[in-house]
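Colleague: Can you walk me through reading this one? I'd like the general idea each time, then the case at hand.

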Amino acid sequence: MLAGLLPTMLAARGLARPQPLSLARVAAANGLRFGSAMRLDALADPVVRELLIDNCATLTPELEFKWAAVAPAAGRYDFAAADRVAAFARAGSFRVRGHTLLWHRSIPAWAETAIAGDAGWTVVGDHIRAMMARYGAVVDEWDVINEPIEIGSRPDGLRSSGLLNAFGRDYIARALRDAHAAAPQARLLINEYDLEYPIPAQQARRDAMLALVRSLVGQGVPLHGVGIQAHLDLAKGPIDAVVLRTFLDAIGALGLTVSITELDVKERDYILPAAQRDRAVAAQVAQFLTAVLPHRAVTSLSCWGLSDRQSWLQVTPADQARFPGAWQDGTSPGLNRGLPFDSAGGAKPMRQTIAAALALPRT
Ligand code: XIL
């Protein structure tokens, strides 16, 4: 049904909208790719769907490719939602970021139990092969491992997940080798959060990530890139371009590329007028993107949604509690305004910031 709508929309777009507006075109002209995450329900929303069609070359399934989403019970797959995303991508000539094969927050309960028992690696390997066989034709790059770093649980900075407990730190190399065997052409990534700010907690995460990828590359494990999620946060302070470029240099020196995979901005001061909030968000995005996009290791940028109406970021009661007495006139802080388009689909300063950064000379 969704896929059926596409040809009409694509034709309409060509007539109605000046193509230079497309962020994907700005990116492509500079050797980069631009895209966004999308949920199936957002694809059914005409405002969001049109933003995606107008601006994106790549699409990341926000939920539908995750293990717990496709495998509700042992021995049973339900690919209905993932198939619909893939069909939409095929019909609209989007390339898909395969997100994600192994993520500690999305391993189905039955698989966690099996892994903790004596099921062995087969349950993991079978999942990797099933996903890559089914979606390999539309997917360019896979987040094979999502969020493996956690400072504090082990000296090597790896997260002590069910996978790590069952198979040791080698689970990462095993997953990458299985993924490469299943789809030798596919680009394989490790995707991670909290790598963006110069604060010590994040420097420790960058160091752990570098140590991990250095060891994998040293062992000849098929790994092609690192995903930097880029969930920016105005509470975490300014970006340091030198710190970021040093990190990118180190990844590039290992022969790996970098994808910016989940850009959005968590706000802090919800009490400010909307225009001021939008400027603060755009300024932070400008700091980050002007530091990373010109770097030759970086190949793509994806936002974690396009319109504030689809953002996974919520204005929580704790956020509101920071401003006692606010919104007593019955108004509300509204949505978190951390994506390039507002809730009605209108472009905000962040959109212009992204366009400008995508066009910066590559170094
Ligand atoms: C998030 C989705 O956006 C939410 O809708 C869902 O409830 C939880 O997952 N890092 C990731 C993404 O790699 O998969 C997460 O997506 C956001 C954080």
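Colleague: Which pocket is the space taken by the ligand?

Modeller: It's the largest pocket. A pocket here is an open set of points on a 1 Å grid over the protein atoms alone, where a 1.4 Å probe fits, with protein on both sides within 12 Å along at least five of seven lines. A molecule sits in one if more than half of its atoms lie within 2 Å of its grid points. Keep in mind that this is a predicted model: local features need pLDDT of at least 70 and side-chain atom pairs pLDDT 80 or more, while totals for chains, interfaces and linings use all residues. Residues are numbered from 1 along each chain as its sequence is written, and side-chain values use heavy atoms, with hydrogens and water left out.

Colleague: Which residues surround the ligand?

Modeller: Take those with a heavy atom within 4 Å of the molecule. Here that gives Glu 62, Leu 63, Lys 66, His 99, Trp 103, Asn 146, Glu 147, Gln 229, His 231, Glu 262, Trp 304 and Trp 312. The shell splits into four nonpolar, four polar and four charged residues; Trp and Leu count as nonpolar, Glu and Lys as charged, His, Asn and Gln as polar.

Colleague: Where are the polar contacts to the ligand?

Modeller: Look for pairs of N or O atoms within 3.5 Å. The side chain of Glu 262 puts a polar atom 2.8 Å from a ligand oxygen. Gln 229 has a side-chain N or O atom 3.3 Å from an oxygen of the ligand, and for Glu 147 the partner is a ligand nitrogen, at 3.2 Å. As for cover, the protein hides 81% of the 420 Å² of accessible area that the ligand has on its own (Shrake-Rupley, 1.4 Å probe).

Colleague: What about the backbone: where is there a cis peptide bond?

Modeller: Most residues other than glycine have a negative phi, and most peptide bonds are trans. In this model, His 99 and Thr 100 are joined by a cis bond, with omega about 0°. Thr 100 belongs to strand β3, residues 95-103 (strands are DSSP E runs of at least two residues; helices are H or I runs of at least four).

Colleague: Which residues other than glycine have a positive phi?

Modeller: Asp 194 is one, with phi near 55°, in the loop between β5 (187-192) and α11 (200-218). Trp 327 is another, at about 60°; its loop runs between α14 (317-321) and α15 (349-358).

Colleague: And how many helices and strands does the protein chain have?

Modeller: There are 15 helices and nine strands.

Note on methods. A polar contact is a pair of N or O atoms within 3.5 Å; within protein, one must be able to donate a hydrogen and the other to accept it, and residues adjacent in sequence count only if both atoms are side-chain atoms. On a 1 Å grid over the protein atoms alone, a cavity is a set of points where a 1.4 Å probe fits but cannot get out, and a pocket is an open set with protein on both sides within 12 Å along at least five of seven lines; lining residues have an atom within 4 Å of a point.
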